[in-house]
Amino acid sequence: RGLNDDGVRTPIIARLVGRLNRRIFARLWDLLAPPEIRANSCLIVMGSEGRSEQVVRTDQDNALILRDGFDHPRLAEVTQAFTDALISFGYPPCPGGIMLSRPLWRQPLRGFCDALRKWAHGGEPEGLMNLAIFLDADVVAGDAGLLAQARAYLRRIVGDSDVFHARFALAIRQFGEGGGWWRRLPGLRGPEAAEIDVKKLGIFPLVHGARALSLQYGIEALGTDERLRALADAGRLASDQARDLAEALHRLMALKLAANLAQLTAGAPPDNTIRLGSLGKLERQSLRDALAIVREFRGWIAHHYRLDML
């Protein structure tokens with residue numbers, strides 16, 4: 001809140017918060033996990049935490065990759081204690097159970113690789129979203145080589161399959177645009193109390209589009225900013241398009257942060273909604289411009305991957 005009030009840009013705040021969170025996670029892991037577990041595992045964070053794009057604590061997205069052949073009698077106890085401690089610190093549990101206290105997200109490397117293969121080529125509805133979350137993974141503590149091996153395996157199994165990459169990119173259409181509500185901005189001719197989900201309608205399609213392109217073209221960067229710059233440097237995106245997308249993301253993150261701080265002040269849990277009636281004229285125009293850029297990008301992604309043929 002202090003940094004935001006001082007005019008620090010939201011992406012910088014997110015990076016600072018991300019570093020602080022990882023220091024907390026690593027210290028907690030050191031306190032709870034015996035040396036033999038720490039030496040034979042890799043603790044990772046994923047999703048927006050892995051991309052360093054989360055500011056206000058929303059939920060946990062973490063996992064533990066174990067060295068093949070390693071087991072420990074206290075593993076389930078230690079990982080549950082880690083999850084419970086984070087909840088007590090104010091990090092809510094993940095509604096989808098993406099936490100290292102769950103067996104799916106606490107596996108040997110071979111088990112993770114099997115899961116990646118099923119997510120990439122299986123028919124489970126949640127598979128590709130699990131894969132997307134994993135693609136944003138970053139190391140907090142332990143043997144970083146385990147995560148590197150899992151990533152290398154994923155690159156091998158997806159290769160240059162046009163069908164896979166199109167299926168993966170299709171999630172950009174997961175959320176609709178609410179019947180053209182965006183056209184009402186900034187006039188707000190509808191009810192002043194109307195709300196939008198800024199993550200579903202703005203942040204997610206932008207982030208996932210950059211993630212899909214990065215997977216297709218072998219971009220190793222995790223943050224959306226870094227992915228967009230790398231894609232532009234590689235000639236996969238026009239430089240002005242990458243710049244506009246990065247600026248749109250920054251604006252949406254700033255609006256979400258302001259809404260979250262207002263929610264916390266009111267004693268409400270932070271979420272992804274923005275009350276349109278609470279925005280000033282410049283904020284409404286900023287939101288409209290950012291969402292127009294995202295909408296254009298959705299169309300670009302649909303054409304690039306020929307999503308209309310799926």
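"In what order do the four strands of the open sheet stand? That's where I'd like to start. This is a predicted model, by the way, so please keep that in mind as we go.

Okay, the sheet. The order is β3-β2-β1-β4, and the pairing is mixed. Out at the edges you've got β3, residues 106-108, and β4, residues 138-142; each has a single partner strand, so one side of each has no neighbour in the sheet. Going from one strand to the next, the twist averages 25°.

Now, how do the pairs run? β1 and β2 are antiparallel, joined by five bridges. If you want a spot to click on, V45 has N62 in β2 as its bridge partner. On the other side, β2, which covers residues 62-66, runs parallel to β3, and three bridges join those two. Look there for L64 standing opposite R106, and for I65 opposite Q107.

And there's a helix on this sheet. α2, residues 10-32, packs on it and touches β1 (41-45), β2 and β4. The direction of α2 makes about 30° with that of β4.

Let me stay with β2 for a moment. Is it buried or exposed? Five of its five residues are buried, so β2 is largely enclosed by the rest of the structure. In a regular strand, side chains alternate between the two faces of the sheet. Here both faces of β2 are covered: N62, L64 and L66 are buried on one side, and A63 and I65 are buried on the other.

Next, a buried residue in a helix. T83 is found in α5, which spans residues 75-89. Its relative accessible area is 2%, so T83 counts as buried. And what is T83 in contact with, once you leave aside the neighbours within four places in sequence? The answer is Q60, M99, L100 and S101.

On to the cysteines. How many disulfides does the structure hold? Zero. Why no bond for C42? Because the closest cysteine sulfur, in C113, is 13 Å from the sulfur of C42, and that is too far. For C94, the closest cysteine sulfur is the one in C42, 19 Å from it, so that is too far for a bond as well. As for their surroundings, C42 is buried with a relative accessible area of 0%, and C94 counts as buried at 9%.

Last topic: empty space. Rolling a probe the size of a water molecule over the atoms shows where such space is left. The largest pocket holds about 1,100 Å³. It is lined by 44 residues, and the closest to its centre are S48, D59, D61, K199 and N272. Which elements give two or more residues to that lining? They are α4 (47-51), α7 (127-135), α10 (198-216) and α12 (239-265). The largest share, six residues, comes from α10.

Then there are the cavities. A search of the whole structure finds three of 30 Å³ or more. The largest cavity has about 170 Å³ of space. Its lining counts 13 residues, with L135, R151, L215, I219 and E220 the closest to the centre. α10 turns up here too: α10 and α8, residues 144-158, each supply at least two residues of that lining.

So if you open the model later, begin at β2, with β1 joined to it by five bridges and β3 by three. Then go over to α10 and look at the linings of the largest pocket and the largest cavity. Thanks, everyone."

Notes:
Residues numbered from 1 in each chain as written. Predicted model: local features only at pLDDT ≥ 70, side-chain atom pairs only at ≥ 80, totals over all residues. Heavy atoms only, no water. Disulfide = S-S within 2.5 Å. Buried < 20%, exposed > 50% of the residue type's maximum accessible area, 1.4 Å probe, protein only. Pairing = 2+ DSSP bridges. Axes fitted to C-alpha atoms, helices over the stretch in contact; angles between N-to-C directions. Contact = heavy atoms within 4.5 Å. 1 Å grid on protein atoms, 1.4 Å probe; cavity = no way out; pocket = protein on both sides within 12 Å on 5 of 7 lines; lining within 4 Å. Points joined across faces, edges and corners; volume = space filled by probe spheres on them.
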